[in-house]
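Morning, everyone. Please put the model up on the screen, and then we'll walk through it piece by piece.

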Amino acid sequence: MELQNQEISRIEVSTSLYRKLIIIVNKLLYDPSFFWYTASCILIGEALLNILIIKYVSYTEIDWKAYMQEVSGFLSGERDYMKLRGDTGPLVYPAGFVYIYSALYYFTSEGVNIQRGQYIFAILYLWTHFVVFKIYQSSRKIPPYILIFLSISKRIHSIYVLRLFNDCFAMVFLYSCIWAMVNRKWKLSCILYSISLSIKMNVLLFFPAFGLILFKSLGIWKTLFNLLLTIFIQIVLALPFLSEYPKSYFARAFEFSRVFIYKWTVNWKFLDEEIFISKRFASILLFGHIFILMGFLFKRWCRSDNGVFNLFYNGLCGNIKETSKSVTADHIITLMFTSNFIGIIVSRTLHYQFYSWYFHSLPFLLWHCTKLPIFLRCLTLIMIEYCWNVYPSTMESSSTLLLFHLIVLINLWIGDAEGERVKFNEKQE
């Protein structure tokens, strides 16, 4: 009898521990109050994973050597952007890039100690995820398990610690800008946005939403002041080049007419190269970009403000109390991520490193802004990730990528385009 009682007691203890474990796991996955417990576990796991990748996965040379060659010219005293070159061609990034990679040039023994550079990028990867997690947490509508999707991308790990692309620096400052906006630190957000823009031009895709949110929050005059601050920072950063060769700087650092190589594009591979590089195709994409943005501006982004014209009237009259009512954390994040995503869809080309431009926003857009079933949200993330891991890209992978991009866009249009209306209860879905 005593042995039987002991056995029953052991079973009860085991069952109790199992139930407690289930409760803890459930809270880690679904309970917003456990958000940072989940986030901390993921960040620790990511730190270990990045160390293992650096130690056991071969580094692949793509642009690092060219970056080092470009900044070595600057460090040697050259200020003419037309003469700053590397093996892959001329320097085509603004001044912020030059300063960051000049620092990396020294930290990595003139670019030779690549592993040291990889560890710097591993820290950058963790910093980026920390900031993105802060953005997600501010929504209060995103369950913690969504963070897992932000940490399982093979391509993103590769972009950071195996390729060392400058896109990574541009995006961490951009996400920091969004975090500052969520906290209503508008001047800081403009400073961070300008720094991000000084590293790579892709952050201009966020500008339509960025300008609109500033206008809603501050009115016309303070918005103009903050935008002038953004421009002023660009000038200050570029001063060593502008003071000697201004035409060369603008021609290279902000070269809007540049045509990318068809071979490396991830999108539009189902088109002939002749069409891909044609000016007519570029014009169609530009028109499509403007058309979609105008659609969201007039029909989706300003509904809480009783329309665009009412918003602009209040903003011009300085009626900030009216225009700022809709500017919540969810509204800011949704508009910023959506504006960028629209630009991604109609980009003339997407190279593999460009995945970092919008990867971190996809789970938010799918879970917060669409009414898709969970299965379809997960499938969308899986298929987009798959397309970005097909190398070289094919007609099928490019077509699939466009299809799932359009699925997301359509569901943003019919879902919660303002970041306010849809509230998901994951356990009821």
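Start with residues 397-414. The chain there is 100% helix and 0% strand. From one end C-alpha atom to the other, the distance is 26 Å. Keep in mind that this is a predicted model.

Now look at residues 281-298. That span is also 100% helix and 0% strand. Its end C-alpha atoms lie 26 Å apart. Both stretches appear in the UniProt record, in an unreviewed entry, under "transmembrane region". The record gives that feature to other stretches too, including 34-58, 91-107 and 119-136.

Next, helix pairs. Two packed helices are described by the angle between their axes and the distance between the axes.

Take H3, residues 64-75, and H4. Their axes come within 9 Å and cross at roughly 100°. That makes H3 roughly perpendicular to H4. Who makes the contact? On the H3 side we have Trp64, Tyr67, Met68, Glu70, Val71, Ser72, Phe74 and Leu75. On the H4 side, the residues include Phe97, Tyr99, Tyr101 and Tyr105. By class, this contact counts 13 nonpolar residues, two polar and one charged.

Second pair: H5 and H7, with H7 at residues 154-162. Here the axes come within 8 Å, crossing at roughly 135°. So H5 is oblique to H7. From H5, the contact uses Gln118, Phe121, Ala122, Leu124, Tyr125 and Thr128. From H7, it uses Ile156, His157, Tyr160, Val161 and Leu162. Which classes do we find there? Eight nonpolar residues, three polar and no charged ones.

Let's zoom in on one of those residues, Leu124. It sits in helix H5, residues 114-139. Is Leu124 buried or exposed? Its relative accessibility is 3%, so Leu124 counts as buried; the cut-off for buried is under 20%. Beyond its neighbours within four places in sequence, Leu124 is in contact with Tyr160, Cys168, Phe169 and Val172. Pick out Tyr160. Leu124 and Tyr160 are 36 residues apart in sequence, yet 8.0 Å apart in space, C-alpha to C-alpha.

Now Asn50, in helix H2, residues 35-56. At 1% relative accessibility, Asn50 counts as buried. What does Asn50 touch, leaving out residues up to four places away in sequence? Ala122, Tyr125, His157 and Val161. Recognise them? Ala122 and Tyr125 are on the H5 side of the contact we just saw, and His157 and Val161 are on the H7 side.

On to Tyr193, in helix H9, residues 186-197. Its relative accessibility is 1%, so Tyr193 is buried. Setting aside residues up to four places away in sequence, Tyr193 touches Leu174, Cys177, Val203, Leu204, Phe206, Phe207, Phe210 and Thr230. One distance for comparison: Tyr193 and Ile344 are 151 residues apart along the chain, and their C-alpha atoms are separated by 18 Å.

Last stop, helix H11, residues 246-253. Which of its residues are buried? Ser248, Tyr249, Arg252 and Ala253. Look down the axis of H11: these buried residues fall within an arc of 100°, so they line one face of the helix. What does that set pack against? Strand E2 at 89-90, helix H4 at 95-107 and helix H10 at 207-242. H4 is a helix we have met already, crossing H3 at roughly 100°.

That's the tour. Questions, please.

Terms used. Residues are numbered from 1 along each chain as its sequence is written. This is a predicted model: local features need pLDDT of at least 70, side-chain atom pairs count only at pLDDT 80 or more; totals for chains, interfaces and linings use all residues. Side-chain values use heavy atoms; hydrogens and water are left out. Buried means under 20% relative accessible area, exposed over 50%, partly exposed in between (1.4 Å probe, protein chains only). Helices (H or I, at least four residues) and strands (E, at least two) are DSSP runs, numbered from the N terminus. The arc is that of the directions from the helix axis to the C-beta atoms. Contact means heavy atoms within 4.5 Å. Axes are lines fitted to C-alpha atoms, for helices over the stretch in contact, and angles run from 0 to 180 degrees between N-to-C directions. Angles under 35 degrees count as roughly parallel, over 145 as roughly antiparallel, 65 to 115 as roughly perpendicular and the rest as oblique. Ala, Val, Leu, Ile, Met, Phe, Trp, Tyr, Cys and Pro count as nonpolar, Asp, Glu, Lys and Arg as charged, and the others, Gly among them, as polar. UniProt positions are given in the numbering used here, feature names are shortened, and annotations may be inferred rather than shown by experiment.
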